[in-house]
Amino acid sequence: MVTMRPLDAHGKWQSKTQKEYLCRKADEERGFTAQEFLQAKEDGWEKQYKYRSAAGVSAWLTPTQAAREPGWERCSKQPKAAKFGRQNPLCARWNSPEQLLDWREAWADAVNRALEEKQQSARVTHLSHAALGLDEQPTVHEGSQARSLELQGIKADRCELNRQIRADNKLLRELKAQLAKLSKVVENM
């Protein structure tokens, strides 16, 4: 397990998300982080706050909008913000499928180097069966507990499932071989 918090250039922890204020300019609403808002404020963007009318109706308004329409009283100090904030771009990359593929590829390279050093012919790949274009069904991870149960003579569900998958894949290979033979016979006729 590793942390989800990125480090800055000075080795200080950064946050996973930044608060994103939903600001308004005319009829347009956009989100800005605190740093971005400093520039946006100069361009006419305003934060929205919760206001309540004399009739008890509440609405999100900018201070300029509330000043134009009398009878609105600000009832909250907190500006309107996105529910979960804006994800730090480094965290977004960390959780991406592309990053996982990069890590899997690095792991496969390391395993293949170790196999080469041990003069083993076996090789591993980081690609899925679908990416490799295989029709066979992949087996599932069994884990140490399931293997331990099997060594004790107890059938583990995951091991049993893998036995079934291997049998199905063997049958699929045999059927493909028979189909290839039949195709050759048809071509020769």
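This is a short talk on the fold of one protein chain and a few of its residues, based on a predicted model.

Hi everyone, and thanks for coming. Since the model is predicted, let me start with confidence. The protein chain has an average pLDDT of 91, and 99% of the residues score at least 70. The low point is helix α3, residues 89-94, with a mean of 74. At the other end of the scale, strand β4, residues 46-47, has the highest confidence, at 96. One general caution: where pLDDT is low, predicted coordinates should not be read in detail.

Now the overall picture. The protein chain contains 7 helices and 8 strands. Is it a compact globule, or more spread out? The radius of gyration is 30 Å, while the globule rule gives 16 Å for 189 residues; the value is well over the rule, so the chain is more spread out than a compact globule. If you draw a box along the principal axes, the C-alpha atoms fill roughly 90 × 50 × 40 Å. Of the 189 residues, 20% are buried. And if you take the contacts with a separation of 6 or more, 36% of them are between residues 24 or more positions apart.

Let's go to the sheets. One of them is an open sheet of 3 strands, in the order β3-β2-β4, with antiparallel pairing. Its edge strands are β3 and β4, and each of these pairs on one side only. Between β2 and β3, which run antiparallel, there are 5 bridges. If you want a pair to find on screen, Lys25 stands opposite Glu28 in β3.

Helix α1 lies across β2, β3 and β4, and runs at about 135 degrees to β3. A residue to look at here is Ala40, in helix α1. How exposed or buried is Ala40? Its relative accessible area is 3%, so Ala40 counts as buried. Not counting residues up to four places away in sequence, Ala40 touches Phe32 and Trp45. For a sense of distance, the C-alpha atoms of Ala40 and Arg30 are separated by 10 Å, and the two residues are 10 apart along the chain.

Just before that helix comes Thr33, in the loop between β3 (28-32) and α1 (34-42). Although Thr33 sits in a loop, Thr33 is buried, with a relative accessible area of 6%. Which residues does Thr33 touch, not counting residues up to four places away in sequence? They are Gln18, Lys19 and Arg86.

Arg86 comes up again with our next residue, Glu20. Glu20 is in the loop between β1 (17-18) and β2 (21-25). At 15% relative accessible area, Glu20 is under the 20% cut-off, so Glu20 is classed as buried. The side chains of Glu20 and Arg86 are joined by a polar contact of 2.8 Å. Leaving aside neighbours within four places in sequence, Glu20 is also in contact with others, including Gly31, Phe32, Lys80 and Gly85.

On to another sheet. This one is open too, with 3 strands in the order β6-β5-β7 and antiparallel pairing. Why do β6 (58-61) and β7 (72-79) each have a side without a neighbour in the sheet? They stand at the edges, each with a single partner strand, so one side of each is left free of a neighbour in the sheet. From one strand to the next, the twist averages 30 degrees.

The pairing goes like this. Strand β5, residues 49-53, is joined to β7 by 4 bridges, running antiparallel, and the bridge partner of Tyr49 in β7 is Pro79. On the other pairing, β5 and β6 are antiparallel over 4 bridges, with Arg52 partnered by Ser58 in β6. β5 and β6 form a hairpin with 4 residues between the strands, and there Gly56 takes a positive phi near 90 degrees.

Last stop: Arg104, in helix α4, residues 97-117. Arg104 is partly exposed, with a relative accessible area of 39%. What does its side chain reach? The side chain of Arg104 comes to 3.1 Å from the backbone oxygen of His126. Arg104 and Leu127 are 23 residues apart in sequence, and their C-alpha atoms are 8.3 Å apart in space.

That's the tour. Thanks for listening!

Technical notes: Residues are numbered from 1 along each chain as its sequence is written. This is a predicted model: local features need pLDDT of at least 70, side-chain atom pairs count only at pLDDT 80 or more; totals for chains, interfaces and linings use all residues. Side-chain values use heavy atoms; hydrogens and water are left out. Helices (H or I, at least four residues) and strands (E, at least two) are DSSP runs, numbered from the N terminus. Buried means under 20% relative accessible area, exposed over 50%, partly exposed in between (1.4 Å probe, protein chains only). A polar contact is a pair of N or O atoms within 3.5 Å; within protein, one must be able to donate a hydrogen and the other to accept it, and residues adjacent in sequence count only if both atoms are side-chain atoms. Two strands pair if DSSP finds at least two bridges between them. Axes are lines fitted to C-alpha atoms, for helices over the stretch in contact, and angles run from 0 to 180 degrees between N-to-C directions. pLDDT is the predictor's confidence in each residue, from 0 to 100. The radius of gyration is taken over C-alpha atoms; the globule rule is 2.2 Å times the number of residues to the power 0.38. Contact means heavy atoms within 4.5 Å.
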